[in-house]
Amino acid sequence: FFFGFPNMLYKLRVAASRSAAFQSAAFSTSKALNKRYEIACLPGDGIGIEVMDATKIVLDKLKFDANLEHGDIGWKIWCNEGDPFPQRTIDLCKRTDCALFAAITSKPKDEAARELKPELHGKGFVYSSPIVGMRQLFDLHTNMRPCKAYQGNPLNVKEDIDLVIFRENTEGLYAGVEYYPLEDELRSTMTKFNKKMAKFDSVSPEDIAITARIITRRGCERIIRSAFEFAKKDGRKTVTVVEKPNVLRETSGLFLRIAREIAKEYPDIETRETNIDAQCMFLVRQPEDFGVMVTSNLFGDILSDLSAQLIGGLGFAPSANFGDNYAVFEPTHGSAPPLAGKGIANPTAMILTAQMMLDHLGEKEMALKLERAVADVLAEGKVQCQDMGGTASTMDMAKAIAAKL
């Protein structure tokens, strides 16, 4: 259901007149060139470490010829160094074919500052999410989050769910343009250009915070075209554009206008338009009616979590972050601190994430085998993790999937 999407991205890059050097590099990961892959292996925090270990069992059974080089990232690195995504890990990513990332713990700015080791206090370190930073640093503009109900999963809300969310990954409310406290110069400038700001004049600088929602034509075009191209290639009949233009008139309005422009290039695909709040309701009621959805950053984050719950929860939801020069593969779930170290986390999302990575690298046969193995284990129902009502451990599930290979 998501095979071939990375190759489609490459065709988009060609159409966009990317450099010949990059076009060559984009295809250089094919195993036909007998290349051993270099993968940045980023377990991160909490259950990330356990599900990454489980995934390695499956990749080993597939005889995936790669060097998975460990990279430091996440909460422990932040607490000890004041940087959750250190330069050495950035350098690792730059010299590898792609990254396989598991999960990180993130906390609010003030709480993060308190948890730094004592000698780092008061030295100006400010926490920011390393995965958000990674997406922006490598311009990983397309976040693809498939949600498929595999037969036999007792947690499926319905059995015929097979949808894919395309989430713009570098802009919107996650762009990181925030202001606190609100300086007088910025306040006066905002009031000059929008009189509605005047109603906040009496609010002190320390009692108001602003986060900018930044939507650009380029960002919209990339994510919307990716969604339509995938729908065309995968035989999907509809693309649903999910925004809130009746309230967020400028930002969602721009997104919707560009979507309508691009939709004209795909007359065989039905384009639907829904508001984010209504779309959440529609998904709960009739998720099988939707194939491809495309939206901005925050809305995509919300929709993908909701959609994941319809197919059993975050333990079954993989994702990929695609840029023009790099890709990072990560499950939708977080580090789940309450489950960490217990060996009970469901590794299926992480394993399906590795399957997306294999497909991206051109290992189509391996990718197909791996998805079939996951589907077979779920259909049999003999091995089920605790979230599914069973007793299997993280490694039990991984070994069961590996046995099918």
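A residue is called buried here when its relative accessible area is under 20%. By that cut-off, Pro130, Ile131, Met134 and Arg135 are buried in helix H7, which spans residues 130-137 of this predicted model. Seen down the axis of H7, these buried residues fall within an arc of 140 degrees, so they line one face of the helix. The general geometry of helices fits this pattern: an α-helix has 3.6 residues a turn, so residues three or four places apart point the same way. The cover over the buried residues of H7 includes strands S1, S3, S4 and S5, together with strand S11 (320-322) and strand S12 (327-329). Just after H7, Asp139 takes a positive phi of about 50 degrees.

The strands that cover H7 lead to the sheet. The sheet is open and has 10 strands, in the order S2-S1-S3-S12-S11-S4-S5-S10-S8-S9, and its pairing is mixed. Strand S2 (66-70) and strand S9 (270-275) are the edge strands, each pairing on one side only. From one strand to the next, the twist averages 25 degrees.

At the S2 edge, S1 and S2 pair in the parallel sense over five bridges. Within this pairing, Ile39 has Leu68 in S2 as its bridge partner. The chain crosses from S1 through H3 to S2, and this β-α-β crossover is right-handed. Helix H3 (residues 47-61) lies across strand S1 (37-44), S2 and strand S3 (98-103), and runs at about 130 degrees to S3. The loop between H3 and S2 holds Lys63. The phi of Lys63 is positive, near 60 degrees, although the residue is not a glycine. Lys63 is exposed, with a relative accessible area of 67%.

Beyond S2, the loop that runs to helix H4 (75-81) contains Gly74. Gly74 is buried, with a relative accessible area of 0%. What does Gly74 touch, not counting residues up to four places away in sequence? Its contacts are Asp45, Pro84 and Ile104. The C-alpha atom of Gly74 is separated by 8.4 Å from that of Ser129, although the two residues are 55 residues apart along the chain.

Elsewhere in the sheet, strand S5 (residues 162-168) and strand S10 (residues 292-295) run parallel and are joined by four bridges. Arg167 stands opposite Thr295 in S10. Helix H12 (residues 297-310) packs on the sheet, touching S5 and S10 as well as strand S4 (142-148) and strand S8 (238-243). The direction of H12 makes about 160 degrees with that of S5.

Helix H11 (residues 276-285) also has buried residues: Ile276, Gln279, Cys280 and Leu283. Which side of H11 do they occupy? Seen down the helix axis, the buried residues fall within an arc of 105 degrees, so they line one face of H11. These residues pack against strands S5, S8, S9 and S10, and against helix H12.

The nonpolar interior can be described next. The largest nonpolar core has 82 residues, and within it Phe64 and Ile224 touch the most other members. Leaving aside residues up to four places away in sequence, Ile224 touches Phe255, Ile258, Ala259, Ile262 and Val294. Apart from the largest core lies another, of 23 residues, among them Trp78, Cys79, Ile104 and Tyr127. Ile104 is also one of the residues that Gly74 touches.

Some backbone details remain. As background, most residues other than glycine have a negative phi, and most peptide bonds are trans. Ala336 has a positive phi of about 45 degrees although it is not a glycine. Ala336 lies in the loop between S12 and helix H13 (348-360). With a relative accessibility of 25%, Ala336 counts as partly exposed. The peptide bond that joins Tyr180 and Pro181 is cis, with an omega of about -10 degrees. Pro181 is found in the loop between strand S6 (178-179) and helix H8 (184-193).

Notes: Residues numbered from 1 in each chain as written. Predicted model: local features only at pLDDT ≥ 70, side-chain atom pairs only at ≥ 80, totals over all residues. Heavy atoms only, no water. Pairing = 2+ DSSP bridges. Helix = DSSP H or I, 4+ residues; strand = E, 2+ residues; numbered from the N terminus. Axes fitted to C-alpha atoms, helices over the stretch in contact; angles between N-to-C directions. Contact = heavy atoms within 4.5 Å. Buried < 20%, exposed > 50% of the residue type's maximum accessible area, 1.4 Å probe, protein only. Arc of directions from axis to C-beta. Core = buried A, V, L, I, M, F, W, Y, C linked by side-chain atoms within 4.5 Å. Right-handed = clockwise from strand over helix to strand, strands pointing away.
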